[in-house]
Structures are given as structure tokens and as C-alpha cells.
Amino acid sequence: MARHYKKYAKRNKHKRRLKNKAAMQQSKLEFMLSQARKQVVNLSHRKLTDDEYLVLSRGLKFIPSPSVKRAKQDLLHDFDELARKMRCRYLYHGTCIKFLPSGHTPPLTCNTLENYLFNTKHELSSMQIRKFRNNLSLSQRSGIFFSLNDESLIIKKADKSNNVVILDKVNYLLEGDRQLNTQHYTKLENFDLKALRCNINAYVKGMYTKGVIDYSTFNYLNNGIVTPIGRVRSIFGRHSVRLSTILDLNKLLPTPPLDDLITRTLDL
């Protein structure tokens, strides 16, 4: 009777351990989900799954572990393509042949190049591929695949925190267009780079004449002859900041950063 009791007691003890372990894993998963929902802000129409929340909460710089199933085959295939290009360059460089059909297989070349290609391919084929620990489950990999390939969504990092924000692309473009159509910007029908340079030089010269900037600052901004201009980004058409906005900023600031002011004006 005692042996029979001890047998069932041991089995029940093992069941309790498995039950407690499953409960701990479930509580850990619920805690991770609660933290992930705080780090991922979903402003889109799509409802994210738990796996997508867990993957996106790791940040946009997270790198999934690579698959090593066909790593050696892919490496050898890439090396064969490299060897083909090296043979083509050795045979046809400096000749009258400028264009070759795609995938052209050249004949064998000199012994030096062929020995090098053979020994290198032999070393690559005998190389041991190190296995990586998979840092994502299959469901999480499928979740991140659908999220990244959804063209109707935009996934960005928040400006003021480390949160990940998911937006609809249509709403994102409409919001950007709305901000560019405010009174702070004006749309340019055509962009004259030479006229812009002349206006900037005249504006800088006027500030120097009125005593707003000294000679060293004027010489730095004018750069001797002309003022170097920055990039001009085209977003929903070409826009530029109004000159009245710059003048208002100069009145409000006690010491306006003139060096950066013109650069930022041109860098829009």
C-alpha cells in the first residue's frame, strides 16, 4: 500500500511542477505583452497580433538571427558568380567587346587565376557553418514579415521617446501635406538657384551694413564671393520659409544664431 501511495505521490508532484512551470511561463508572457503594448503605439486601422507587438517592441534596430539552412549553398553560388565575372574581366578587359549577354559563361583562363578560384572554392566548401540561436519563434517571424511587407503602413520611431509608432500611409501623407500648407511655408512654382544665392548675399550684406553682424561673421557667411547653399528637399513640391518668419525670429531672440539660421532656411 505504501509503495502504491509513493508511486502516485511522485506522479502528482511531477504534475504540479509542470503546472507551476506553465503558469510561470504564462505570467511571464502576459507581463512581456503588457510592456510591449506600452512601447508600441498603433495609430493605424490594422489590429496587431501579440507576436507583432512582441517583435516591434524590441525596436527598429533589432536583427533576427539568420537562417543557416542553405547558407553554404548560397555562399558557393555567389562565389561561382564572382568567378564568372573575374574570368570575363580577365578575358575581355581592354578588348573591343563592351557588352556581353547576361549570364555569359566564359572559358577557362590562365593557370594562376584558375588555381586561385579552385583553392578558394575548396576552402569555402569545407568551412563549418556556425549555428545561431533562434531569437524569434515561427509565429513572430511570420508576424514581422506581414508587418514589413504591408505597404499601407508606415513604421517609425517616435521623436521624443524610444516607442515605435505605426501609422497609415495615407494619413501620414495627408498630415505632412497639411503642415506644409500652413502660413509658415509657401510653395515655389519654379526654383531659381542663382536668384536665391543673390537674395541671400543681399540679405547678409544688409545685415552687415546695419551693424547686426560683424565683419568676421559677414566674411564667413559670404565666403569671400558667394554663399554656399545647402540641400533643397522636395516634399510634396518645393517649399521655402518666408523671409518675414526669419525677421520675426531675429526680433524675438536676443542673440539670433545667424550662422545656423540661413543654413536651416536653405536646408528645407
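**Entry 1: surface patch**

I started on the outside, where Val68, Leu75, Met127, Ile129 and Phe132 make a nonpolar surface patch of about 350 Å². Note to self: this is a predicted model. I then looked up where Val68 sits, and found it in the loop between α2 and α3. With a relative accessible area of 32%, Val68 is partly exposed.

**Entry 2: salt bridges**

Next I searched the whole structure for salt bridges and got seven. I went through some of them one by one.

Asp50 pairs with Arg37, and their closest N and O atoms are 2.7 Å apart. I checked the elements: Asp50 belongs to helix α2 (residues 50-56) and Arg37 to helix α1 (residues 2-39), so this bridge links distant parts of the chain, 13 residues apart. How buried or exposed are the two partners? Asp50 comes out partly exposed at 36% relative accessible area, and Arg37 is partly exposed too, at 42%.

Then I looked at Arg46, whose side chain meets that of Asp150 in a salt bridge, 3.5 Å from N to O. Arg46 is in the loop between β1 (40-42) and α2, while Asp150 is in the loop between α5 (138-148) and β2 (153-157), so this pair ties together parts 104 residues apart in sequence. Asp150 counts as partly exposed, with 23% relative accessibility.

My third pick was Arg84 with Glu81, where the closest N and O atoms lie 2.8 Å apart. Both are in helix α3 (residues 71-92), and because they are three residues apart, about one helical turn separates them. I jotted down the general rule here: an α-helix has 3.6 residues a turn, so residues three or four places apart point the same way. The accessibilities split this pair: Arg84 is buried at 17%, whereas Glu81 is partly exposed at 32%.

I also looked for shared partners, and salt bridges of that kind join Arg46, Glu52 and Asp150 into one network.

**Entry 3: nonpolar cores**

Which residues make up the largest nonpolar core? I count nine on my list: Leu33, Ala36, Val40, Leu48, Tyr53, Leu54, Leu56, Leu153 and Ile166. The elements giving two or more residues to this core are α1 and α2. The largest share, three residues, comes from α2.

I picked Leu48 out of that core and listed its contacts, leaving out residues up to four places away in sequence. Leu48 touches Val40, Asn42, Tyr53, Leu56 and Ile166.

There is also a second, separate core of seven residues, with Tyr203, Met207, Ile213 and Leu221 among them.

**Entry 4: the two faces of α5**

I finished with α5, asking which residues of this helix are buried. My list reads Gln140, Gly143, Ile144 and Ser147. These residues span an arc of only 95° around the axis, so they are on the same side of α5. I then asked what covers the buried residues of α5, and the cover includes α2 and β2. On the face turned away from the buried side I found the exposed residues Leu138, Phe145 and Phe146.

**Loose ends, put together**

Reading back, α2 keeps turning up in my notes. Helix α2 holds Asp50 of the bridge to Arg37, gives three residues to the largest nonpolar core, and is part of what covers the buried residues of α5.

Conventions. Residues numbered from 1 in each chain as written. Predicted model: local features only at pLDDT ≥ 70, side-chain atom pairs only at ≥ 80, totals over all residues. Heavy atoms only, no water. Salt bridge = Lys/Arg side-chain N within 4 Å of Asp/Glu carboxyl O. Helix = DSSP H or I, 4+ residues; strand = E, 2+ residues; numbered from the N terminus. Buried < 20%, exposed > 50% of the residue type's maximum accessible area, 1.4 Å probe, protein only. Core = buried A, V, L, I, M, F, W, Y, C linked by side-chain atoms within 4.5 Å. Contact = heavy atoms within 4.5 Å. Patch = residues over 30% accessible without salt bridge, like charges linked within 9 Å, V, L, I, M, F, W, Y side chains within 5 Å. Areas by Shrake-Rupley, 256 points an atom, 1.4 Å probe, with all protein chains shown as cover. Arc of directions from axis to C-beta.
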